[in-house]
Structure formats: C-alpha cells, structure tokens
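Open your viewer and keep the selection box handy. We will go from stop to stop, with something to select at each one.

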Amino acid sequence: MTPTEEKLRSCVASVRRITGFVPRVALILGSGLGDYADSGAVEVECRIPYSQIEGFPVSTVAGHKGQFIFGHVGRVPVVIMQGRVHYYEGYPMSDVVLPVRLMHELGAGTLFLTNAAGGCNESFHPGDFMMLTDHISAFVPSPLLGPNMESLGPRFADMSEVYDRGLQALLRETAAGLGLTLREGVYTQLTGPAYETPAEIRMLQRLGSDAVGMSTVCEAVTANHMGMKICGISCITNMAAGLGHEKLSHGEVQETADRVAKDFKKLVTAAVEKMGI
Ligand code: HPA
C-alpha cells in the first residue's frame, strides 16, 4: 500500500469509529456557502471536525470552518465538507484531495462542487452563478501523479466528460424552476494564493476560460478518476483582474458571496433534492 492509500484507509477508519452514516452525495462548500448546513436545508445527523480525523489536513482560510457534516437534504443522504483544503495553504496535492477520496470511500457516488471564482468572461457580472461544463487543470499539479491507486481508478483516466451531462441538465432545470439565471462555462484552477495579473487573465481568456479560481479542478480530477458523477457551480464574486475597476480583495469576494448566498443555497438544496429522484 502507498503512504497516500494508508492515510486514506486510516481516515476512513477514523470516521467509521464515529459514524456508520453512508452518504450518496458529497457536497463541497465554497465561500459564501460556509453556513449552509446551519441554514435549515440540512437535517444534520453528525458533525466531525477535521481535527478529530487523524492525519487529516485542516483548512486555514478565514471564513472556512473545518468539519464534515453528515445528514439529509430532502431524502438524500449527504456528506458536506464545510471548509475545503486549498493547495496554496502548502499541503501536498495528495492531502488536498484526500477529503474527496474519503467521501467516496464512505459511499458517495456523486460530487457537487461549489466555489467562489473571478469572471473572465466579460458578459458575466459579480453575483452570477456559473455551472461548470469543463475545466482547465494544466496550471496545477495533477492529483493523480505518483503510484496509481488501482483500487480507486485507472492509471490513465479519461477526462472527456468530467462534469456529468445528466447532472448539468438537472442543474439547468433546477435553476430555471427557481427563476435563477445559470451561466455556463469553463473554470480554470491556478494555484493562487495571489490573484492573477490582467495579463494572466487575458491569457486565460484566450485559452477559453470563463472563470478562474484556486480550487475545484483537482477535486474534480480526483473524483473523476474514481468514477464519481460530478457537477459544479461557481459563484462569480468579482470580475477577474483588469476587467473591473477595483483592486481584488478577499473582502470583495466574501461580500458578493454573502450577498447571493441565499439564492446559492436555494439552488444547491433544490438540485440535491432532485438527485434523490
Ligand atoms: N481569482 C482567483 N480566485 C478567485 C477570484 C479571482 O478573481 N475570485 C474568487 N476567487
């Protein structure tokens, strides 16, 4: 067994000593959705702070709590990651994606990713929601580097449809049903932690990016390797560098995320409920 696999097995055992809950959908909460589990949408069964899981990475970003929440959204059993781990915090990539592997091993076959992102597509506005139709992973190390964990997935994973078409249709329908505009596009992950320069954003635009952020893609690659069904929504919290008038700040990101959090929660809740039908 590789050290990464050993760590995964020990984290699974750690969680299983606390709960036998078997989730179907794994949900990773980005900025603005941090308090989702306490908004009444989730019937909470159990909370496990990351610090209680031996060897588990603990997020250090302001506004990110670090715990797993097990419970139900509608009739769907879910595991929610309240506070994700970012590569820019200094963790090895294998630790950044450990939670996704853990949630899969606990039983989740579907991964719902959310994040805050900068808009590269000039027709977007701060506060828009964008469903991920594809991504660009080329600027961050692959989470699949190193010995392949054959028990999880193949050495050379296909990435031609990371974001499940059925789930994309479900998200479109759900947003339309709620009267919410759902934009669509390609998300690019950079390492951060600095925001991009205007020249970098022009580069990303030419590569076909609609949104940019510092998370999500490595998690999607890992989940796709394991055969999970994946969907994702970005909250466009700001126009990317050089496209707006203001300097970028985490305060602005948080402010926009908070402003549209109510709609974001509605969309996520209705979509997860539909995943149970
Ligand atoms: N760039 C990168 N990450 C982000 C941004 C951005 O403009 N906004 C929110 N997360």
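One definition before the first selection: a residue is called buried when its relative accessible area is under 20%, exposed when it is over 50%, and partly exposed in between, using a 1.4 Å probe and protein chains only. Helices (H or I, at least four residues) and strands (E, at least two) are DSSP runs, numbered from the N terminus. This is a predicted model, in which local features need pLDDT of at least 70 and side-chain atom pairs count only at pLDDT 80 or more, while totals for chains, interfaces and linings use all residues. Residues are numbered from 1 along each chain as its sequence is written, and side-chain values use heavy atoms, with hydrogens and water left out.

**Stop 1: helix α3**

Select residues 98–105, which form helix α3. Which residues of α3 are buried? They are L98, P99, V100, R101, L102 and M103, so six of the eight residues in this mostly covered helix are buried. Now click on H104, which also belongs to α3. H104 is partly exposed, with a relative accessible area of 22%. Draw a C-alpha to C-alpha distance from H104 to I80: the two are 24 residues apart in sequence and 12 Å apart in space. Following α3 you will find G107, which has a positive phi near 130°.

**Stop 2: the ligand**

Next, select the ligand and show the residues near it (those with a heavy atom within 4 Å of it). The selection should contain A116, A117, G118, Y195, E196, V212, G213, M214, T237, N238, L248 and V253. Colour them by type and you get seven nonpolar, four polar and one charged. In this scheme Ala, Val, Leu, Ile, Met, Phe, Trp, Tyr, Cys and Pro count as nonpolar, Asp, Glu, Lys and Arg as charged, and the others, Gly among them, as polar.

Which strands each supply at least two residues of this shell? They are β5 (110–119), β8 (211–213) and β9 (229–239). Of the elements, β5 gives the most, with three residues.

Now look for N or O pairs within 3.5 Å, the cut-off for a polar contact. A polar side-chain atom of N238 lies 2.7 Å from a nitrogen atom of the ligand. For E196, a polar side-chain atom is 2.8 Å from a ligand nitrogen atom. At A116 the partner is a backbone N or O atom, 3.4 Å from a nitrogen atom of the ligand. Taken alone, the ligand exposes 260 Å², and the protein buries 95% of that; these areas come from the Shrake-Rupley method with a 1.4 Å probe.

**Stop 3: inside strand β9**

Stay with β9 and pick S234, which is placed in this strand. Is S234 buried or exposed? S234 counts as buried, because its relative accessibility is 0%. Add L27 to the selection: its C-alpha atom is 13 Å from that of S234, although 207 residues separate the two along the chain.

**Stop 4: from β8 into α6**

Move to the loop between β8 and α6 and select T216. T216 is not a glycine, yet its phi is positive, about 75°. With 0% relative accessibility, T216 counts as buried.

Extend the selection to residues 217–225, helix α6. How many of its nine residues are buried? Nine of the nine are: V217, C218, E219, A220, V221, T222, A223, N224 and H225. After α6 comes G227, with a positive phi near 80°.

From C218, draw a C-alpha to C-alpha distance to S142: it is 6.8 Å, for residues 76 apart in sequence. S142 sits in the loop between β6 (129–136) and α4 (165–178). At 32% relative accessibility, S142 counts as partly exposed.

**Stop 5: two more loops**

Select P193 in the loop between β7 (182–189) and α5 (198–207). What is the peptide bond from G192 to P193, cis or trans? It is cis, with omega near 0°.

Finish at G66, in the loop between β2 (43–49) and β3 (67–73). G66 is partly exposed, with a relative accessible area of 28%. Its C-alpha atom is 18 Å from that of P23, and the two residues are 43 apart in sequence.

Technical notes:
A polar contact is a pair of N or O atoms within 3.5 Å; within protein, one must be able to donate a hydrogen and the other to accept it, and residues adjacent in sequence count only if both atoms are side-chain atoms.
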